[in-house]
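Me: Could you walk me through this model, one question at a time? I have not looked at it before.
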Amino acid sequence: IIGDWADDYYETGNSAFFWFKVLFISFFRWFNYPDYPEILVLEYGADKPGDIHKLCDKFKPHISVVTAIGEIPVHVEFFQTSAALAKEKSELVKCLNGNDYAVLNYDDQVVLDMKAKTKARVMSFGFGEEATVKVLNFGFRSDDAGKPVGISFKLHSGSANNFVPVKIDGSLGKSQVYAAAAASVVGIIFKMNLVDISERLGGYRGPKGRLKILKGIKSSTIIDDTYNASPASMHLALETLQQVLPGPVRRVAILGDMLELGEYTELAHRAVGDFAGSFVDVLVCVGLRSKFI
């Protein structure tokens, strides 16, 4: 299973050391890794025009999952418009043939519209009524002391009674739900049933820096979302901070710069400030761009 391999390819694809490492690891695994995976999970990212087209041309996928674009997409700085970035992302489904699958976020209209750009069989995920895998009853879970411990939701697919409960510990936010729903669609494509999928998701633990729950000092709770920042993820993190703890609790937001937004930099940071200022008790901003927050 490969995570940020695509990003490594962008940054070091022409490096002799990179290819030496690839060949060395491959040679070693030939003799010592008999259970080599039958399925590779690859992240195809776009830092500049042509990136995804190049990756799809070299490493054509059979199932393409498009998660989100957003009103102000991440990495938009190197594209003339947000529509140009969305067009680049759509290369992920344009390269598919009739036997492949395009898995699209039903709740992101720009992503859902990509169904018109592919020959593949289209499946979807999200909170929308017509999604192939629909999310129901999303909520936060707390312990006896009222401290957040995770999230819960239901996944529905097919007939009216075909739904399963899912609990994820240690992480918060709808981003975990969308990831689980997208993975569930892929599981269904590989003939898994929802019960098996629910059991596997119960053992899932979100990555570090992605709305992870940390224990703070003096009975405080830290929501760690420090992995990266975009307008969509920043809004989600603040929404989670606003909703997760009921009652009169003190909310502190520590926010940093959002990079690679180009002409949207000031607008996006000011929008974050408008939202944060509506409910947080203490706001700490770090970075030059964050002065607009």
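Me: Let's start with C95: is it buried or exposed, or something in between?

Reply: C95 is partly exposed, with a relative accessible area of 22%; buried stands for under 20%, exposed for over 50%, and partly exposed for what lies in between, using a 1.4 Å probe and protein chains only. This is a predicted model, in which local features need pLDDT of at least 70, side-chain atom pairs count only at pLDDT 80 or more, and totals for chains, interfaces and linings use all residues. Residues are numbered from 1 along each chain as its sequence is written, and side-chain values use heavy atoms, with hydrogens and water left out.

Me: OK, and how many disulfides does the structure hold?

Reply: The structure holds zero disulfides, a disulfide being a pair of cysteine sulfur atoms within 2.5 Å. C56 takes part in none, and the nearest cysteine sulfur to it belongs to C95, 3.7 Å away.

Me: Why does C95 not bond to C56?

Reply: The closest cysteine sulfur to that of C95 is the one in C56, and the two are not bonded because 3.7 Å is too far for a bond. As for its surroundings, C56 is buried, with a relative accessible area of 6%.

Me: Switching to strands, which one pairs with strand 1, and in what direction?

Reply: Strand 1 (residues 63-66) is joined by four bridges to strand 2 (residues 101-105), and the two run parallel. Within that pairing, I63 has Y101 of strand 2 as its bridge partner. Two strands count as paired if DSSP finds at least two bridges between them, while strands (E, at least two residues) and helices (H or I, at least four) are DSSP runs numbered from the N terminus.

Me: Which residues of strand 1 are on the covered face?

Reply: The covered face has S64 and V66, whereas I63 and V65 make up the uncovered one. In a regular strand the side chains alternate between the two faces of the sheet.

Me: What comes after strand 2, where D108 is?

Reply: D108 is in the loop between strand 2 and helix 6 (109-112), and at 13% relative accessibility D108 counts as buried. D108 and T67 are 41 residues apart in sequence, yet their C-alpha atoms are 8.3 Å apart in space.

Me: How do strand 4 and strand 5 pair?

Reply: Strand 4 (residues 133-142) and strand 5 (residues 148-156) pair in the antiparallel sense over seven bridges, and in that pairing G139 stands opposite S152 of strand 5. The hairpin they form has five residues between the strands, and there G146 takes a positive phi near 85°.

Me: How covered is strand 5, and what is on its other side?

Reply: Strand 5 is mostly covered, since seven of its nine residues are buried. Strand 5 is also joined by seven bridges to strand 6, in an antiparallel run, and K154 stands opposite P165 in strand 6.

Me: Which residues other than glycine have a positive phi?

Reply: Among them are N137, with phi near 55°, and L211, with phi also near 55°. Most residues other than glycine have a negative phi. N137 sits in strand 4 and is exposed at 57% relative accessibility, while L211 lies in the loop between helix 8 (194-202) and strand 7 (212-215) and is buried at 1%.

Me: New topic: what volume does the second largest pocket have?

Reply: Its volume is about 880 Å³. Of the 30 residues that line this pocket, the closest to its centre are I222, I223, V252, A253 and I254. The elements giving two or more residues to the lining are strand 8 (221-224), helix 9 (231-244) and strand 9 (252-256), and helix 9 gives the most, with six.

Me: What counts as a pocket here, and how is the volume taken?

Reply: On a 1 Å grid over the protein atoms alone, a pocket is an open set of points where a 1.4 Å probe fits, with protein on both sides within 12 Å along at least five of seven lines, and lining residues have an atom within 4 Å of a point. Points are joined across faces, edges and corners, and the volume is the space filled by probe spheres set on them.

Me: Last one: which strand is joined to strand 9?

Reply: Strand 10 (residues 282-286) is joined to strand 9 by five bridges, running parallel, and G256 has V286 of strand 10 as its bridge partner.
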